[in-house]
Amino acid sequence: MKSVLYFPLLWTWRRVLLVLMTAIIGLGAGGFPFTASAADPAQEQQITAADSGGITGETKASLILAPKLKRADYPNIGVSSRAIVWVVAQMHLFFGALVLAVPIFVLVIEFIGFKTNDDRYDDMAHEFMKISLTAYAITALFGGTLALSLFLLYPDFMNYMMRVFGSQMLVYAVLFFLESMLLYIYYYGWNALRYGNSKWVHLTLGLLLNAVGTTLLVVANSWTTFMMAPSGVDSAGAVIGNIWEIMKGPLWNPLNLHRFIANVAFGGAVVGAYAAFKFLCAKTAADKAHYDWMGYTSNFIAILAFLPLPFAGYWLMAEIYAYSQQMGILAMGGILAWLFVIQAVLICTILFAGNYYLWSGMARTEGSERYQWLIKYIAVVLVFGFLVWVTPHNVIFTTNEIAKLGGGHHPVLGPLGIMPAKNIAVFLMLIFTFLSFQIYRRADKVITVSWQAWGNTLMAAIYIVACANVIFAGVYYGYFTNTVYKVGSSVMQVASTLAVIVAGSVIDTLMFKGAKTLPSSWGKVSDRSQYALFALPVAFTWLMALMGYVRSSVRTHWHVYTVMKDNSPDNFIPTLATVGNTVTFATVLFLIFLLFIFWIANLSGIKQKPPVSAGKIVPAESAA
Amino acid sequence: MNILIKTLGFSLALILTFTAVSYVLPQMKGEAPVEKEMDVGALTMDSFIAMGKDLYQGKGTCTLCHNQLGRAPDLLALNVEKTSLERLADSRYQGKAKNTEGYLRESMLEPNIYVVKGFGKKGTNDAESPMPAIDKPPAQLSQVEIDAIIAFLQHKDGNKVTVALPTKTSLPAAAEEKTAPAKPALAQSPEEAIAKFGCAACHSILKTESTVGPNLNDVGKRLSIAQIRESIIAPGTVIAEGYPPIMPDLSEKMTTKELEIMAQFLAQQKTKTQP
C-alpha cells in the first residue's frame, strides 16, 4: 500500500527540483519558470487529484487542459507586463544570438589559421572569443531576469508551458552547464592548446561547444514555435503527443534555420563594430592594419551570412502560410504589413553599408581601378531597389486625396507597392551586392588562366540571365496570374539569385588558380568606411527586434495560438510608434552594453606600468 | 573619448532615423476581440445584421482573405444569394445544403465540403480549402455569431434574410460555450484512447517505445481482460515487478466505453513487437 505521506513528500521534492531547475534555466537563457498556481480552481483540483495518483509530470500534463484565463488572473504591477518582458526578452535574445554565433565563425577562422599556419587568424579568432566570453555573463543575467519577469507577470502561462515541456527543461539545464564549461575551456585553453596535436584537441572542443550551443538554440526555439503553431496537444491544450511531437511543430525547422543564419550575420556585424572601434582608436600602423583586416573579415562573415537569409525567411513565411493562411496574411497583408516598410529601410541600410564598405576597401589595392566603373551602376540598382521596396501599397488618404488619385492606390506607383515588385527589387539588390563582393575579391588579383575571357563572358551571361529571370518571374506571376501563384514566382527568383552566388563563387575559385596577387595595404582605408561597420550592427539589431516582434505578434490575442488565449491587458497589437519606441529602447540599451563589452575587452589588454621610485623599479604591491 | 562620442552619436542618429520611420507610417492598433453581452430582448434584425457586419470585418477575420486581392472569393463584391445557388447546382458540390443559408453555414463550418475552383490549397486540386472552420480557434465564432454573419451577407445585396433572430433559449448554449472549459472529445478507437490518456508516455504500445512502464504489446499474453481493466482503474492494486508505482488512476477520467475499448484492444496484444 502507498504511504499517505509519500506523495506530498514526492510533490515537495519535485517542486524543489523544478524551482532549482528554473533558476538554472533562467540564469542560462531565460527558460520557463515553474509555478504551482493555477488560475482555475477546477484545474487546481485536477492537479491535486492527479498528485494523489502519484503520477509523473509528463503523464499529469496529458490530462490537463490549457487554462482559460480572465483579466484578473494576470498580476498587475502598474507597468505594462508585456513591455517589461518584451525588452528583457529582446536583450536576452540579442546577447544569446551573439554568444551562440561568434564561436561558429571563430572555429572556422581558427581552422583556417591552423591549416595555413598563419598566426594572425588564430589571434583574431581568440580576440573574437574575448567578446563572446564577456557577452556570455550578460546573456545569463538577462536570461535570469527574463525568467523572473515571466514567473512574476505570466505565472499561469508559464505553469502551462512547464507542464507541456516537462523534463525537456532539465535537458536544457544540462546543456547550459555543458555550454558554460566548454566555453571557458575553449577560451582559457587557447594558448595551452595552440600547436600540433593539441590544436586538434582545441578544435574538437570548439566543435563540441558549437554542437551544444546549436542544440540550446533549437531547444529554446521549440518553445517559441509551440506558441505559434502548437503540436502534440489537442484543441483544448491537453498533451496528446510525446516531447518530440511537441517540439517538432511545422515552424520549428524553418525558425531554426532562420535564426542560425541570422545569428551568424548578427555576430559578424557586432564583432565588425568592435574591429572598427579599435581601428579608429589605433595609434600605430600595425594596429590599424590588424583591425582593418579584422573588420574586413567580420564584414565578410556578416554579408556572406546575410545573403541567404531572405531565402530562409521565405521558407519560414511559406510554412506560416501553410500552417495558417490567416496568420500569414496578418503578417504580410494585414495590420503588421506596415512593419515591412520599416524592414525595407533597415535591410537597405545593411546593403548600403555592406556595399559601401566593400567599395571603400577596394582602395587598399591598385588593382581595384579595373572594376571601379561598375560601382556607379551597382549604386543605381541599390537606390532604385530601395525606392521600390519602401513604396507602400496604400496609405491612409483623405476623401480629397482619393478623388485626386482616382482611387485608393497611386495610378503609377500603386503596382510597385505589392510583393512582386518588392521581390524583384530585393533579389536584384542581392545579386548586385554579390557583384560588389565579387569585384572586391577580384580587385587584388591578376587572373592568368588561359580561358579568362570565356570565364568572364560566362559570368556576365549568368548575371544577365539571372536578372532577366528575376524580372520576368516577378512581372509575369505577380501581375498576370492569380494571387496564389505569386508566392511561387519567388522560387524562380531564389533559384536565379542562388545560381549567381554559386556560379560566381565556383568560376572565381577556378579562375583564381595561379592568379597573381597584388599587394594590399591593410590599414589604409578611410575612417568613414569604419562607420559603415557601425551601421551594420545598429541596423541588424533594430531589424532583429522588429522582426522578432512581427513573428511574435502574428499570434495576436493568443499566448499559444488557438489553444490558450491571452486575456491580459496587453493582448492588443500596438501602434507602429509604440513598436518603434520599444525596439529603439532595446537597441540603445544593447548598444550601451555593447560599448561596455568593448571597453572591458579593451581593458583586459591594458597593463599598468610599474611605479618608479628614485630611479628604481619597485613591485606594484610594495608601492601600494 | 572623442571616438566613443562620435561612434555613439552616429549609432544613435541612425537608430532615431529608424524610429522616425515608424512614426510617419499609419498608426493603427489591433484590438483583441471583446465578447459582448447580448440583450436578446432589444435585438432587432437591423442590429443583428449590423452585428454580423462587425463580426465579418472584425472578430471573424473574414476580410483577411475575402477581399479584392483574390486569395478567396470577394464576398462583398459578388451577389451571395445568386452565387450560392450557382454553387449548389455545380456538379462538384457534394454537401447537404439546399439553400443559401445552409450553403453559407456549411462553408463556414466545413469549408472542405465544397472548394471554389482555383481557391483550394496549393497541390490539393481544390480538394482542400485554406479556410479554417469558423467555429474553431482562432476565430471561434458561436452559432449565434455565425447566424449574424449569414444575415449580413444575405442582407448586403438586398436579398431576403432567412436566419431567425436568436432567442433566449439559443443563448445559454452560446454563453456556456464561452465560459466552460472545453472537454477533450471521447475516444472512439484504441488509438484515440491511447493518445488521449498519454499511455505511450510510459508504455511501449502501437509504434512508440518507452521503458518507464511494462510493455503493452504483449500484455494480452500476461493478463486477462479483467486484470487489464483492474490495472487501468486501480493501478495500485498490483504493481508489475521492476516498475515504479507511478501509474495514474484513470477511473475518474475515462468513460466506461473508453475503458472497454482499451481493455478489448489490450487483451488482443499478444506479440512483443508491433508489425
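How many of the 14 residues of α5(B) are buried? In this predicted model, the count is 12 of the 14, so α5(B) is largely enclosed by the rest of the structure. The buried residues form an unbroken list that begins with Val144(B), Glu145(B), Ile146(B), Asp147(B), Ala148(B) and Ile149(B), and goes on through Ile150(B), Ala151(B), Phe152(B), Leu153(B), Gln154(B) and His155(B). The length of α5(B) can be checked with simple arithmetic: at 1.5 Å a residue, its 14 residues should span 20 Å, and the end C-alpha atoms are indeed 20 Å apart, which agrees. Just after α5(B) comes Gly158(B), with a positive phi of about 80°.

The backbone on the other side of this helix also deserves a look. Pro138(B) lies in the loop between α4 (100–109) and α5 (143–156) of chain B. The peptide bond that joins Pro137(B) to Pro138(B) is cis, with omega at about 10°. A word of background helps here: most peptide bonds are trans, and most residues other than glycine have a negative phi.

Two threonines can be read against that background. Thr562(A) is not a glycine, yet its phi is positive, at about 70°. Thr562(A) sits in the loop between β3 (558–560) and β4 (564–565) of chain A. With 21 other C-beta atoms within 10 Å, where 20 or more are needed, Thr562(A) counts as buried. In chain B, Thr61(B) also has a positive phi, near 50°, and is found in the loop between α2 (45–57) and α3 (80–89). Thr61(B) is buried too, because it has 22 C-beta neighbours inside 10 Å.

On a broader scale, chain B is divided into domain 1 (40–179) and domain 2 (190–267). Between the C-alpha centres of these two domains of chain B the distance is 44 Å.

Finally, the two chains meet. In chain A, 65 residues are in contact with 50 residues of chain B. On the side of chain A that touches chain B, the elements giving two or more residues are α2 (41–52), α3 (57–61), α10 (252–281), α13 (325–332), α14 (339–361), α20 (527–553) and α21 (576–603) of chain A. The most comes from α21(A), which gives 10 residues. Sorted by class, this side of chain A holds 39 nonpolar, 21 polar and five charged residues.

How values were computed:
Residues are numbered from 1 along each chain as its sequence is written. Chains are lettered from A and ligands numbered from 1 in the order in which they are written. This is a predicted model: local features need pLDDT of at least 70, side-chain atom pairs count only at pLDDT 80 or more; totals for chains, interfaces and linings use all residues. Helices (H or I, at least four residues) and strands (E, at least two) are DSSP runs, numbered from the N terminus. The expected span of a helix is 1.5 Å times one less than its number of residues. Domain bounds come from an automatic or database domain assignment. Two residues are in contact if their C-beta atoms, placed from the backbone, lie within 7 Å. Ala, Val, Leu, Ile, Met, Phe, Trp, Tyr, Cys and Pro count as nonpolar, Asp, Glu, Lys and Arg as charged, and the others, Gly among them, as polar.
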